[in-house]
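Below are some notes for a colleague who is meeting this structure for the first time. Please read them with the sequence and the model side by side.

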Amino acid sequence: MSAVLKPVIELRPMCAADLAAVIAIENAIYAFPWTQGNFHDSLAAGYSCWVYMRDGELIGYAVLMRAVD
């Protein structure tokens, strides 16, 4: 019997050091991608920005914005 290790998935807040990897994904999947400046401004504005990591590799991201009436 052999052990099979499952990949470690981590959700953590996005930081400026993540932006190069986020932009690489953004450019690969969207016809009209956000710029690095858009993501930087989202971080600076305090939006809820998250990254998904698998075994140390950034594999996804989310930016959550909420409109308040």
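Contact, as the word is used in these notes, means heavy atoms within 4.5 Å. The model is a predicted one, and the points below should be read with that in mind.

1. A convenient place to begin is S42, which has its place in helix α2 and is buried, with a relative accessible area of 4%. Leaving aside residues up to four places away in sequence, S42 touches W34, Y47, C49 and V63. The side chain of S42 also reaches the backbone oxygen of N38, at 3.0 Å.

2. One of the residues that S42 touches is W34, and this leads to the aromatic rings. How many aromatic pairs does a search of the whole structure find? The search finds two. In one of them the rings of W34 and F39 have their centres 5.0 Å apart, and because their planes stand at 55 degrees, the pair is described as tilted. W34 counts as partly exposed at 32% relative accessibility, whereas F39 is buried, with a relative accessible area of 1%.

3. F39 also forms an aromatic pair with Y61, and this pair is edge-to-face, with 5.6 Å from centre to centre and 85 degrees between the planes. F39 lies in helix α2, which covers residues 36-45, while Y61 lies in strand β3, which covers residues 57-64, so the pair ties together parts that are 22 residues apart in sequence. Y61 counts as buried, at 18% relative accessibility; the cut-off for that word is under 20% relative accessible area. Taken together, W34, F39 and Y61 form one aromatic cluster.

4. Another of the residues touched by S42 is C49, and this raises the matter of disulfides. A disulfide is a covalent bond between the sulfur atoms of two cysteines. A search of the whole structure finds zero disulfides. C15 is in no disulfide, and the nearest cysteine sulfur to that of C15 belongs to C49, 11 Å away. For C49, likewise in no disulfide, the nearest cysteine sulfur is that of C15, at 11 Å. Because a disulfide is counted here as a pair of cysteine sulfur atoms within 2.5 Å, the 11 Å between these sulfurs leaves C15 outside any such pair.

5. A last remark concerns the surroundings of these two cysteines. Which of the words buried, exposed or partly exposed applies to C15? C15 is partly exposed, with a relative accessible area of 34%, whereas C49 counts as buried at 5% relative accessibility.

Technical notes. Residues are numbered from 1 along each chain as its sequence is written. This is a predicted model: local features need pLDDT of at least 70, side-chain atom pairs count only at pLDDT 80 or more; totals for chains, interfaces and linings use all residues. Side-chain values use heavy atoms; hydrogens and water are left out. Buried means under 20% relative accessible area, exposed over 50%, partly exposed in between (1.4 Å probe, protein chains only). Rings of Phe, Tyr and Trp (its six-membered ring) pair if their centres lie within 6.5 Å; planes under 30 degrees apart count as stacked, over 60 as edge-to-face and the rest as tilted. Helices (H or I, at least four residues) and strands (E, at least two) are DSSP runs, numbered from the N terminus. A polar contact is a pair of N or O atoms within 3.5 Å; within protein, one must be able to donate a hydrogen and the other to accept it, and residues adjacent in sequence count only if both atoms are side-chain atoms.
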